[in-house]
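Dear colleague,

I am passing on the structure we spoke about, and I would be grateful if you could look through it with the notes below beside you.

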Amino acid sequence: MARANETKVKGKKERKKGLLREYLEAAVIAVLLALFIRAFVVQAFKIPSGSMEPTLLIGDHILVNKFIYGIKAPFVNKTIIPISEPERGDIIVFVYPLDRKKDFIKRLIGLPGEEIRIVNNRIYINGKPYDDSYGVYRDNGRENKNLGPFVVPEDSLFVMGDNRDHSYDSRYWGFVPVESVKGKAMIIYWSWPHWKRFGHIIK
């Protein structure tokens, strides 16, 4: 009887150890998977300012597609497997060039090698008017209505916020290195109190 009881106790302990090991392995796999997704596939961001209004509002929580422009090596921010190039009109998240601890979100306007000129808030790209359907101007007294002409350097981008009169963007601090782009804004997955924006595709 004593040996039988000992065997039962050992069996229970082994089962408990087996369950704990399974839970631990599942937790480790889940963490690694989450880190992989965040590093290479998709990442969540919160909109902290009104520089992209009315497209994105303060308090919008968005998902950013980090895979669309290529796979980057962690920590060094170098693209190791290119997939596609950023296109004009994309809303991109990037590392702020003047403070690499911060991420900014703006709309891509000028591509490498293009000539940009702004006259009375009208954007010209390579001498032709840009169909600026997303740009909003509300403060007619603000400066910087005119800018350029200048050429966007190679491997760099010119970006602007949709809320043009209240956006700290390339007009003030310069260009975004292509390698600093983290991804393309994809969808609003949470917004409060603007609950009707849930699931809104970002364009």
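What follows covers a pocket, the strands around it and elsewhere, and one arginine.

Please keep in mind throughout that this is a predicted model.

I began with the second largest pocket, which holds about 220 Å³ of space. Its lining is made up of 13 residues, and those closest to the centre of the pocket are Pro48, Ser49, Asp103, Phe104 and Ile105. Strand S1 (42-46) and strand S6 (103-110) each contribute at least two residues to this lining, and S6, with four residues, accounts for the largest share. In terms of chemistry, the lining of the second largest pocket consists of eight nonpolar, two polar and three charged residues.

Strand S1 deserves a second look. In a regular strand the side chains alternate between the two faces of the sheet. Along S1 this alternation can be followed residue by residue, with Gln43 and Phe45 pointing to one face, where they are buried, and Val42, Ala44 and Lys46 pointing to the other, where they are not buried. S1 is joined to strand S2 (residues 60-65) by five bridges in the antiparallel sense, and within this pairing glutamine 43 has valine 64 of S2 standing opposite.

Elsewhere, four strands make up an open sheet, in which the order is S9-S8-S7-S10 and the pairing is antiparallel. Strand S9 (128-129) and strand S10 (147-151) are the edge strands of this sheet, each pairing on one side only. Strand S7 (residues 115-119) and strand S8 (residues 122-125) are paired over four bridges, again in the antiparallel sense, and isoleucine 118 is found opposite isoleucine 123 in S8.

The last item is arginine 171, which belongs to helix H2 (residues 170-173). Is this arginine buried or exposed? Arginine 171 counts as buried because its relative accessibility is 11%, and the cut-off for that class is under 20%. As for polar partners, the side chain of arginine 171 reaches the backbone oxygen of arginine 164 at 2.6 Å, and makes a polar contact, at 2.9 Å, with the side chain of aspartate 169. If neighbours within four places in sequence are left aside, arginine 171 is in contact with Ile118, Leu147, Phe158, Met160 and Arg164. Among these partners is Ile118, the isoleucine that stands opposite isoleucine 123 in S8.

With best regards

Note on methods. Residues numbered from 1 in each chain as written. Predicted model: local features only at pLDDT ≥ 70, side-chain atom pairs only at ≥ 80, totals over all residues. Heavy atoms only, no water. 1 Å grid on protein atoms, 1.4 Å probe; cavity = no way out; pocket = protein on both sides within 12 Å on 5 of 7 lines; lining within 4 Å. Points joined across faces, edges and corners; volume = space filled by probe spheres on them. Nonpolar A, V, L, I, M, F, W, Y, C, P; charged D, E, K, R; others polar. Buried < 20%, exposed > 50% of the residue type's maximum accessible area, 1.4 Å probe, protein only. Pairing = 2+ DSSP bridges. Polar contact = N/O pair within 3.5 Å; in protein donor to acceptor, adjacent residues only side chain to side chain. Contact = heavy atoms within 4.5 Å.
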